[in-house]
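Below are some notes for a colleague who is opening this entry for the first time. Please keep the sequence and the view at hand while reading.

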Amino acid sequence: MASIVVFTDRLEETISFYRALGVSLADEDHGDGLVHTAGELDGIRAAVFAASRSGRSPGWRVGGSTFIGFWGQLARGGARGSGADRGA
């Protein structure tokens, strides 16, 4: 996997979620009008954009849903596994 790109109407909560996983995020502006927050963890690029409108994921194990599994060391120590099917 090379990248995870998330569009959310819960921007601060989503940024906090990825920071808790250890992703060091910073605001980025490439001059194309899409200001976002992005960073990298173990060679995987993560970017979080504000969604253009609110929406809901289709739900757990429903067509169109996504499940992403993470495994690693959290900043506070100890191995933890986490999965998110609703984009954080």
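Which residues in helix α1 are buried? The numbered points take this up after a short outline.

1. Outline. The model is a predicted one. The protein holds one helix and six strands, and the order of its elements from the N terminus is β-α-β-β-β-β-β.

2. Burial and surface. Of the 88 residues in the protein, 25% are buried. The accessible surface amounts to about 6,200 Å², with 50% of it belonging to carbon and sulfur atoms. Among contacts with a separation of 6 or more, 42% are made by residues 24 or more positions apart.

3. The helix. To return to the opening question, the buried residues of α1 (residues 11–20) are T14, I15 and Y18. They lie on the same side of α1, because the arc they cover around the axis is only 100 degrees. In general, an α-helix has 3.6 residues a turn, so residues three or four places apart point the same way. After α1 comes G22, which has a positive phi near 105 degrees.

4. Strand β1. This strand has two faces that can be told apart by cover: I4, V6 and T8 make up the covered face, whereas S3, V5 and F7 make up the uncovered one. Such a pattern can be read against a general rule: in a regular strand the side chains alternate between the two faces of the sheet.

5. Pairing of β1 and β4. These two strands run parallel and are joined by six bridges. Two positions in β1 serve as landmarks. I4 has A46 of β4 as its bridge partner, and F7 stands opposite F49 in β4.

6. Pairing of β3 and β4. Strand β3 (residues 36–41) pairs with β4 in the antiparallel sense, over five bridges. One of the partnerships to look for is that of A38 with A47 in β4. The hairpin of β3 and β4 has two residues between the strands, and D42 there takes a positive phi near 50 degrees.

7. Aromatic pairs. How many aromatic pairs are there? The count comes to two. One of them is formed by F7 and F49, which are stacked, with 5.1 Å centre to centre and 20 degrees between the planes. F7 belongs to β1 (residues 3–8) and F49 to β4 (residues 44–50), so this pair ties together parts that are 42 residues apart in sequence. F7 counts as exposed because its relative accessibility is 57%, whereas F49, at 15%, counts as buried. The rings of F17 and Y18 also pair: their centres are 5.0 Å apart and their planes stand at 85 degrees, so this pair is edge-to-face. Here F17 counts as partly exposed, at 22% relative accessibility, and Y18 as buried, at 5%.

8. Around E28. Where is E28 placed? E28 sits in strand β2 (residues 26–28). Its side chain makes a polar contact of 2.4 Å with the side chain of R45. Leaving aside residues up to four places away in sequence, E28 touches L34, V35, H36, A38 and R45. R45 falls within the range of β4, residues 44–50, and A38 within that of β3, residues 36–41.

Conventions
Residues numbered from 1 in each chain as written. Predicted model: local features only at pLDDT ≥ 70, side-chain atom pairs only at ≥ 80, totals over all residues. Heavy atoms only, no water. Helix = DSSP H or I, 4+ residues; strand = E, 2+ residues; numbered from the N terminus. Buried < 20%, exposed > 50% of the residue type's maximum accessible area, 1.4 Å probe, protein only. Contact = heavy atoms within 4.5 Å. Areas by Shrake-Rupley, 256 points an atom, 1.4 Å probe, with all protein chains shown as cover. Phe/Tyr/Trp six-rings, centres within 6.5 Å; stacked < 30°, edge-to-face > 60°. Arc of directions from axis to C-beta. Polar contact = N/O pair within 3.5 Å; in protein donor to acceptor, adjacent residues only side chain to side chain. Pairing = 2+ DSSP bridges.
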